[in-house]
Every structure is written in structure tokens, then in C-alpha cells.
Amino acid sequence: MLSFRPGAELPYAVILLASLSGIGCSDSSERNRSAELPPTFSGSDGTTGDLPLQPSGGNNSATTPGPAQLERVLVFSRTLGYRHDSIGAGIAAIQKLGMEHGFAVDQSEDPAKFNDATLSGYDVVIWLSTTADVLDDGQQSAFQRYVEAGGGWVGVHAAADTEYDWPWYGQLLGNNAWFLQHPMIQTAQLDVEKAGHVSTAHLPARFPLQDEWYNFRANPRSAVNVLLRLDETSYLPGDGAMGDHPIAWYHEFDGGRAFYTALGHRVELYTDPQFTQHLLGGIQWAAGL
Ligand SMILES: [Zn+2]
């Protein structure tokens, strides 16, 4: 199983105190630690390495998304920087969604999975709170080909804290909306912008949620369809306040489908049906359903 490195995460009280005192500790959390900390995981993920039995097929078109099906997903959670305590809960939640909705879930932290043959077996690849530079150039090229062939990408939370030096990834994410910093964990009001989407249809038009709210380096709105927006007047967004503040979105990109939600820092969210349904909807949309 996964080995979590003890002490990787500052106690919440420390972050809270530092944030309240204006030290700017929030700046030092995920991004900076992503750059500073050594790898913490060797890639032994317990999977067999066998090729998937149910290739998604249809990955031969460079211009249109692949066929609508959701048979098998890969959850990729490699971290070379900050490692979220919630990764284990996230994997478990997606496995549960798979059992309930009839799709297989493979999990790996091995970047070698990012080759044409292996990726072609997945309808969606979920980047679950990955951090830092997780793929080498050849693996990046394979993943780009996968998306161009109609593959689906779901990015969760720190997926925006990943691959800062890969311009294509910034566009996949949406207008280079990489993680900038975050204030203390707190409750904010979220407004649903696209209520008809499969990832938001179950949500009230406006709802409160406690999580760690990312500020982004750029506003993705010009490149994506915004699903959820934070009301910055409802919490303390900190130095990176954006004004217009998308927090979950999707777009068709480079032949494939990309869905990103910044929700998902807290362990508790992964047993919250509102959030897991949001995540399931993102996976389903990315699969073309
Ligand atoms: Zn976080």
C-alpha cells in the first residue's frame, strides 16, 4: 500500500496561525514544498503491470473525442513534492465509484504506465493530487498522444500543482491555471455556473463547503467552461485573490476531454456524496458519457 511520509504536512494549526498572522505561510505550502522536497514514493503500487484487458479502442482519431464509454480508468497519484493525506481516501472513493457504476479502476504511481500501449486501455486518466514534475519527456509525449486520440483527463486538486514546465499541460489544465497559493482551510460559498452538467446537476445553485481554496496563476475562463465559482466575498481568499474565481471546469482540448476540480484537499470530502458525485460526473464527462 501507499506509504505516507510522516510530517509532510504542516499541522493545520500552524498554517492557520501563520495565515492569520500574515506571514504568508500559505505561499510556502504546496508549491514551494513541491519544488523542495525529494521524492517520497518509489512507484511500487501493487498493480500487476499486465496490460488492461479492455482497451478503449477508437484512439485513432486526432480530431474528435473517442467513443463514449467508461470501462476502465487509471488513477495516477505520483507526488514528487507535497503529498496530500487525502490521496488514499481519494483512491478508495474512486474505487467505490467504479464498483457502484461498473467501471474498473487501476491505481498507480509508476510513470512508466504513461506509454501508448498502456494508456490506450483507459477511457480516463485521473491525476489525483499529483505534485511536481511527475513525467519525463517521453511519458509526456505518450500522454499528449493519448489525449489527442480522444482520451479523457480528470485533474483533482493538486493536479494544478503539477508539471509547471510542460506548456501543453498548462493548456490541458486550462489557460495555464496552475496553482499559485492558498489561504487557510475555511468554508466558502460556491456558485454553480453550469447546473446542467453531469458533475453539477446534483448540487444546489449555491452551497457552502469547507476545503483548501486554491488561487491560480491565471484565470482559466477564457479557455474552459466554468462549472463552479467561488464567491470570494464569502471567505478570505488571501494574497492571490482572483475576483472572478473559477474552481471547477471542463473543456474539450486537443482532441480529448479535460475536467478539473480544485476541490479535494480534505480527506473528509472523499466520503461526502456531494463531492464524490461531482467527481463521478467529471469522470463520466471525460469518458464522453
Ligand atoms: Zn491541498
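Colleague: Welcome me to this one gently: which residue just after α7 takes a positive phi?
Modeller: Residues are numbered from 1 along each chain as its sequence is written. This is a predicted model, in which local features need pLDDT of at least 70 and side-chain atom pairs count only at 80 or more, while totals for chains, interfaces and linings use all residues; pLDDT is the predictor's confidence in each residue, from 0 to 100. The phi is about 90°, and the residue just after α7 is Gly 288.

Colleague: How many strands are there in the protein?
Modeller: Helices (H or I, at least four residues) and strands (E, at least two) are DSSP runs, numbered from the N terminus. The protein has seven helices, and its strands number eleven.

Colleague: How far does α7 reach from its first C-alpha to its last?
Modeller: Helix α7 covers residues 273-286, 14 residues in total. The expected span is 1.5 Å times one less than the number of residues. For α7 that is 20 Å, and the helix comes close to it, reaching 19 Å.

Colleague: How many of the residues of α7 are buried?
Modeller: Buried means that 20 or more other C-beta atoms lie within 10 Å of a residue's own, exposed means 12 or fewer, and partly exposed lies in between, with C-beta atoms placed from the backbone. Phe 275, Leu 280 and Trp 285 are among the buried residues of α7, and their cover includes β1 (72-76) and α3 (87-101). Of the 14 residues in this mostly covered helix, the buried ones number ten.

Colleague: Which element gives the most to the largest nonpolar core?
Modeller: A nonpolar core is a set of buried Ala, Val, Leu, Ile, Met, Phe, Trp, Tyr and Cys residues joined through C-beta atoms within 7 Å. The largest has 72 residues, with Val 124 and Ile 283 among those with the most contacts inside it. With six residues, the element that gives the most is α7.

Colleague: Why does Phe 207 count as partly exposed?
Modeller: Phe 207 lies in strand β7, residues 206-211. Its C-alpha is 5.4 Å from that of Leu 190, 17 residues apart along the chain. Phe 207 counts as partly exposed because its C-beta neighbours inside 10 Å number 13.

Colleague: What is the mean pLDDT of the protein?
Modeller: Over residues 1-29 the pLDDT stays under 50, and over residues 31-64 it is below 50. Across the protein, 77% of residues reach 70 or more, and the mean is 85.

Notes. Contact = placed C-beta atoms within 7 Å.
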